[in-house]
Amino acid sequence: MEKPKLIVDGKRLDGRGFEELRPIKIEAGVLKRADGSCYLEMGKNKIIAAVYGPREVHPRHLQDPSKAVIRYRYNMAPFSVEERKKPGPDRRSVEISKVSREALEPVIMKELFPRSGIDVFVEVLQADAGTRTACLNAASVALIDAGVAMRGMITAVAVAKVDGQLVLDPMKEEDNYGEADVPIAFLIRNGRIEAIALLQMDGRLTLEETRRAIELAKKGVMQIYKLQREAIMRKYMREGEDYEGSAEAAEVAKELSENEGGSEKEGGQSEQEVKE
Ligand code: UDP
């Protein structure tokens, strides 16, 4: 198919500006049988994340006596994409699972759970580009919902170059016909971006464009981070006095609310600064 024009009259095909995210919906605690869970929509992407653990690891030889073992499975439902996807793992999903696990591992306080395992399952129910980043956002919320002690939140978004222009959070057409696609995940702590946890790129950008892409992604993730935090708080508040989740989840929710608005300390970029 011939490449369509992706930017018309300064707007993207779905009417968004260059620095605009797709509509996002996040709900924590949607699955009864998982220890923690999250349903997330980012544009037409629909994702379910389920976390089990910390629990005993099977087979036992995989146990680590000093810390928890983290497993992450990214899976696309056969009906999630235009052309039916063959069920089961493929090269792409194995790679996405690996890099996503590596992005999450440093924020999980694994040393608190020796010999145990934490399993993160993410299921893509509907895909429209940016699923690895949407899945990481959902997984992060599900981990907190499960009461797993974390050093911060992982929040991710992609930036693309389309028709020579950098755009935030590309949808399918922009991903397919764009010049570059750069999914990025950040570690956010106390309302401040502390590190990059994942950065991939296909296509080509100049060094200057790469710097601008990272800046654009930073703006995007601070908005997503706010919604992740609100989703956790909503669950916490709804359950109010009858809150039955783990004490850690309640603690995290409290901590998240106390950090509302970020802080200017230690030279990090505050949420306020990013918004401006
Ligand atoms: N996609 C597809 N079939 C596949 C894999 C991907 O139709 O087997 C689509 C899907 O919409 C996905 C998009 O291609 O979101 C971009 O895939 P990519 O590998 O860039 O990963 P993502 O952007 O989803 O993280």
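This is a conversation about a predicted model of one protein chain and the ligand it surrounds.

Visitor: What does the chain contain, in terms of helices and strands?

Guide: In this predicted model, the chain has 6 helices and 12 strands. Buried residues make up 43% of its 276 residues.

Visitor: And what share of the contacts comes from residues 24 or more positions apart?

Guide: Counting the contacts in the chain with a separation of 6 or more, 70% are between residues 24 or more positions apart.

Visitor: OK, let's look at the ligand. How many residues surround it, and which are the closest?

Guide: The ligand is surrounded by 14 residues, and the closest of them are Val81, Ala127, Ala129, Thr131 and Arg132. Two or more residues of this shell come from each of helix H2 (131-145), helix H3 (172-177) and strand S10 (180-189).

Visitor: How does that shell divide into nonpolar, polar and charged residues?

Guide: The shell around the ligand has 4 nonpolar residues, 2 polar residues and 8 charged residues.

Visitor: You mentioned Ala129. Where is it, and is it buried or exposed?

Guide: Ala129 sits in the loop between S7 and H2, and it counts as buried because it has 25 C-beta neighbours inside 10 Å, where 20 or more are needed. Its phi is positive, about 75°, although Ala129 is not a glycine.

Visitor: Why point out a positive phi?

Guide: Most residues other than glycine have a negative phi, so a positive value in such a residue is worth pointing out.

Visitor: Which other residue has a positive phi although it is not a glycine?

Guide: Arg115 is one of them, with a phi of about 65°. Arg115 is found in the loop between H1 and S7, and with 15 C-beta neighbours inside 10 Å it counts as partly exposed.

Visitor: Back to H2, then. What should its span be, and what is it in the model?

Guide: H2 has 15 residues, and at 1.5 Å a residue these should span 21 Å; the C-alpha atoms at its ends are 21 Å apart, so the two values agree. The helix is mostly covered, with 15 of its 15 residues buried, and H2 is followed by Gly147, which has a positive phi near 80°.

Visitor: What does H2 pack on?

Guide: To answer that, we should begin with the sheet. There is an open sheet of 5 strands in the order S3-S4-S5-S7-S6, and its pairing is mixed. At the edges are strand S3 (24-28) and strand S6 (69-76), each of which pairs on one side only. Neighbouring strands of this sheet are turned by 15° against each other on average, direction ignored. H2 packs on the sheet, where it touches S3, S4, S5, S6 and strand S7 (116-126), and the direction of H2 makes about 150° with that of S4.

Visitor: How many bridges join S4 to S5?

Guide: Strand S4 (residues 36-42) and strand S5 (residues 45-56) run antiparallel and are joined by 7 bridges. As one example, Tyr39 has Ile48 in S5 as its bridge partner.

Visitor: Now for S10, which gave residues to the shell around the ligand. How does it pair with S11?

Guide: S10 pairs with strand S11 (residues 192-199) in the antiparallel sense over 6 bridges, and Phe186 has Ile196 in S11 as its bridge partner. The two strands form a hairpin with 2 residues between them, and Asn190 in the turn has a positive phi of about 50°.

Visitor: Changing topic: which peptide bonds are cis?

Guide: Among them are the bond from Gly53 to Pro54, with omega near 0°, and the bond from His58 to Pro59, with omega near -5°. Pro54 lies in strand S5, whereas Pro59 lies in the loop between S5 and S6. As background, most peptide bonds are trans.

Visitor: Last one. What is Ser93 in contact with?

Guide: Ser93 is found in helix H1 (residues 91-104), and, leaving aside its neighbours within four places in sequence, it is in contact with Tyr74, Asn75 and Met76. The C-alpha atoms of Ser93 and Met76 are separated by 7.9 Å, although these residues are 17 residues apart along the chain.

Visitor: And why does Ser93 count as partly exposed?

Guide: Ser93 has 19 C-beta neighbours inside 10 Å, and a residue is buried only with 20 or more and exposed with 12 or fewer, so Ser93 counts as partly exposed.

Technical notes:
Residues are numbered from 1 along each chain as its sequence is written. This is a predicted model: local features need pLDDT of at least 70, side-chain atom pairs count only at pLDDT 80 or more; totals for chains, interfaces and linings use all residues. A residue is near a molecule or strand if its C-beta atom, placed from the backbone, lies within 6 Å of it. Helices (H or I, at least four residues) and strands (E, at least two) are DSSP runs, numbered from the N terminus. Ala, Val, Leu, Ile, Met, Phe, Trp, Tyr, Cys and Pro count as nonpolar, Asp, Glu, Lys and Arg as charged, and the others, Gly among them, as polar. The expected span of a helix is 1.5 Å times one less than its number of residues. Two strands pair if DSSP finds at least two bridges between them. Axes are lines fitted to C-alpha atoms, for helices over the stretch in contact, and angles run from 0 to 180 degrees between N-to-C directions. Two residues are in contact if their C-beta atoms, placed from the backbone, lie within 7 Å.
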